[in-house]
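Here are some short exercises to try with the sequence and the 3D view side by side. Work through each solution at your own pace.

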Amino acid sequence: MLLILGTAHVLDLSIGIERAIRDFNPDIVALELDKDRWLALNSPSSSKKEGPLFVKILAYLQKRLSEVFGSPPGSDMLAAATVARKIGASLAFIDLPIIPVLQKSWSSMTLKEKSFLFFEMTSLYLGFQKVDKQIENSDWDFSTQLDEFAIRYPTLREQLIERRDKFMAMSIIKLFRKQSHEKPSRIVAVVGEGHIEGLSKSLSKLNPKIIHLKELVKMCKGDSYTLTIQSN
C-alpha cells in the first residue's frame with residue numbers, strides 16, 4: 001500500500017505529518033531528498049553554498065520564505081524522519097541530486113523564462129507580505145498557481161517537476177520490489193504538493209492514497225480528514 005503525503009517545505013506541518021504517518025503505520029517513509037540533501041539538513045552549518053547564481057538566489061529566497069512562515073526549509077522532511085524513527089520505519093531517499101538538476105534547468109531555460117524568473121524573484125524579495133497574504137487566501141490549494149507556473153516556465157516544469165516525478169516514481173517502485181512478498185509493504189512518500197499529480201499518475205497501478213497539503217493543514221488543527229484513492 002502507498003500513501004502520498006503532500007507538504008510545503010517552509011511550513012510547520014509536524015503535527016499533521018506525525019498524525020498521517022502514524023495512522024498509516026508504514027514500513028518505509030520515503031522522502032523527497034537525496035542523500036546529500038539529507039546530510040545537509042542534519043548539518044546545516046556545514047552545508048556548502050555551491051552551484052550557480054541561480055541556485056544561490058533560490059536558496060536565499062527559500063530562507064526568507066521560511067522566516068515568513070516560521071519554519072526552516074526542509075522541516076517537513078525532518079518531521080517525517082522523526083516520526084519514522086519513533087515507529088520503527090525505515091527511511092528512503094527517492095529524489096535526484098538537486099544541484100545537477102538546477103544546473104541543467106538553468107542552462108536549458110530560454111531568455112524569456114530567465115527574465116520572468118528574475119522579475120518574480122525581485123518582486124518576492126521586495127514584498128514578502130504579499131506572498132503571505134496570497135497563501136492565507138489560497139485555502140492551501142495551489143493548483144492554479146502550479147498551472148500558471150507550467151505556462152510561464154515550461155523548462156522548469158520539465159526539469160524540476162516532471163523529470164523528478166518520474167525518478168521518484170521509479171524509486172518508489174524499486175522500494176516495493178525489494179520488499180518481501182510474504183507481507184505487503186506499506187510506504188509513505190513525503191513530497192512537495194507540486195509533485196502529487198505527477199506521482200499519482202505514474203503510480204496509478206498501485207492505487208495510491210493521497211493526502212493533499214490543504215488536508216494536512218487541517219490535520220495540524222485537529223480536524224478530520226479523508227484519504228483520496230486514485231482510480232486506475
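**Exercise 1.** Find which residue in β3 stands opposite alanine 30.

*Solution.* Step 1: alanine 30 belongs to strand β2, residues 28–31; strands here are DSSP runs of E, at least two residues long, and helices are runs of H or I, at least four, numbered from the N terminus. Step 2: β2 runs parallel to β3 (residues 90–93), joined by 4 bridges; two strands pair if DSSP finds at least two bridges between them. Step 3: the residue opposite alanine 30 is alanine 92.

A word on the model: it is predicted, so local features need pLDDT of at least 70 and side-chain atom pairs 80 or more, while totals for chains, interfaces and linings use all residues. Numbering starts from 1 along each chain as its sequence is written, and side-chain values use heavy atoms, leaving out hydrogens and water.

**Exercise 2.** Decide whether the faces of β2 are covered or not.

*Solution.* Step 1: in a regular strand, side chains alternate between the two faces of the sheet. Step 2: Ile28 and Ala30 lie on one side, Val29 and Leu31 on the other. Step 3: all four are buried, and both faces are covered. Buried means under 20% relative accessible area, exposed over 50%, partly exposed in between (1.4 Å probe, protein chains only).

**Exercise 3.** Trace what arginine 164 pairs with.

*Solution.* Step 1: its side chain meets aspartate 95 in a salt bridge (2.6 Å, N to O); this term needs a Lys or Arg side-chain nitrogen within 4 Å of an Asp or Glu carboxyl oxygen. Step 2: both residues are buried. Step 3: Glu32, Asp34 and Arg37 join them in a network of salt bridges.
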